[in-house]
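The following points are offered as a colleague's note on the internal cavities and on one loop residue.

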Amino acid sequence: MEKLIITAALTGNITLPTQTPHLPLTPQQIIDEALRAANAGAASVHIHARDPRTGRPTTDPAVFREIAAGIKARSNVIVCITTGGTAYMTPEERAQVVPTLKPELATFNMGTINFSIHPITDRYKDGDYKFHWEKEFAINTKDFIFRNTFGDIEKLMQMMKENNTKPELELYDVGHLYNLNFLVRRNIIKFPVWLQFVTGILGGIGANVDEVVHMKQTADRLLGSNNYIWSVIGTGYPAEFNLATLGIMMGGHARVGFEDNIFIEKGVLAKSNAELVEKVARIARELGREVATADEARKILGLKGKDKVNY
Ligand code: KMH
Ligand code: ZN
């Protein structure tokens with residue numbers, strides 16, 4: 001099996017600061033977490049940006065630039081920028097990071113879904129929230145449509161091509177593999193593709209072994225096993241580690257990080273993204289799978305190189 005690519009999703013845009021005091025919020029905190037995660041074995045870090053004063057997700061290109069440039073200056077790790085944006089942003093606004101920063105890798109969401117974290121508000125009383133925006137933000141996701149229509153997809157794919165940015169295709173359900181298959185047959189997306197099977201989002205497929213096997217078998221059948229490389233995200237604990245282990249065993253790759261899960265053990269908060277990365281790297285080594293460096297991952301994924309980005 002090829003070496004394991006570990007991605008660390010450092011802060012995301014759905015984890016609330018109230019959930020964990022260890023969530024990096026400022027650009028400097030996100031940069032420091034990226035370096036720690038890279039040292040622990042992450043070949044790629046997936047970046048969202050937050051308003052440094054409030055911790056609220058932002059798509060301010062200046063904040064993205066500060067984070068990406070800060071990581072680049074101190075680490076060789078691959079920087080994968082989100083095009084997921086935040087609720088209320090148009091697909092055009094979300095895509096701006098691609099022409100602006102011309103990253104090596106950026107996320108690319110493969111279909112429109114419900115995407116909600118509203119049940120989290122059951123866990124907290126009004127006085128529990130660290131920031132005033134959090135409760136309303138979470139409740140509003142009840143009516144959030146995460147828009148990624150075929151029209152949006154065509155436009156974003158064109159932008160990625162123009163900027164030589166490799167898409168990391170996020171698939172939240174089996175239907176997204178059918179969307180992908182359609183787009184490949186229409187020559188809108190080209191093989192080989194890099195896939196993330198995103199499981200456990202409220203609005204998407206469940207985080208369990210059966211569903212990952214189903215996604216993998218469907219991908220083999222539709223796309224052909226030589227035409228894609230895949231990784232898995234299990235949202236929440238223990239799904240993150242269970243499904244990372246499954247990915248390791250099945251020849252896929254794995255993503256961990258505070259965007260998806262905040263626990264290192266049952267009821268125990270991870271102090272850093274690096275702890276989550278370390279745990280997966282340890283499981284991989286125990287199972288005889290070596291962990292890829294950033295440059296090895298660049299080769300596996302066919303990336304343009306960090307000297308070709310615009311930050
Ligand atoms: N904004 C979330 C609904 C990505 O990073 O591309 C999903 C998301 C995924 O942001
Ligand atoms: Zn993300």
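1. In this predicted model, the second largest cavity is lined by T59, P61, F64, T82, G85, E93, R94, Q96 and V97. The space within this cavity comes to about 50 Å³.

2. Two helices contribute to this lining: α2 (61-74) and α3 (91-95) each supply at least two of the residues that line the second largest cavity. Sorted by class, that lining consists of three nonpolar, four polar and two charged residues.

3. The cavity count, taken at 30 Å³ or more, is three. The largest of these cavities has a volume of about 290 Å³, and its lining is made up of 25 residues. Those lying nearest the centre of the largest cavity are N13, H48, F115, Y172 and E259.

4. As to the character of the wall of the largest cavity, 10 nonpolar and 11 polar residues are found there, together with four charged ones.

5. A separate remark concerns G206, which is placed in the loop that runs between β10 (193-199) and α8 (209-223). Is this residue buried, partly exposed or exposed? G206 counts as partly exposed, because its relative accessibility is 27%, and the partly exposed class lies between the cut-offs of 20% and 50%.

6. Leaving aside residues up to four places away in sequence, G206 is in contact with T199, G200 and E211. The C-alpha atoms of G206 and D173 are 8.6 Å apart in space, with a separation of 33 residues in sequence.

Notes
Residues are numbered from 1 along each chain as its sequence is written. Chains are lettered from A and ligands numbered from 1 in the order in which they are written. This is a predicted model: local features need pLDDT of at least 70, side-chain atom pairs count only at pLDDT 80 or more; totals for chains, interfaces and linings use all residues. Side-chain values use heavy atoms; hydrogens and water are left out. On a 1 Å grid over the protein atoms alone, a cavity is a set of points where a 1.4 Å probe fits but cannot get out, and a pocket is an open set with protein on both sides within 12 Å along at least five of seven lines; lining residues have an atom within 4 Å of a point. Grid points are joined across faces, edges and corners, and a volume is the space filled by probe spheres set on the points. Ala, Val, Leu, Ile, Met, Phe, Trp, Tyr, Cys and Pro count as nonpolar, Asp, Glu, Lys and Arg as charged, and the others, Gly among them, as polar. Helices (H or I, at least four residues) and strands (E, at least two) are DSSP runs, numbered from the N terminus. Buried means under 20% relative accessible area, exposed over 50%, partly exposed in between (1.4 Å probe, protein chains only). Contact means heavy atoms within 4.5 Å.
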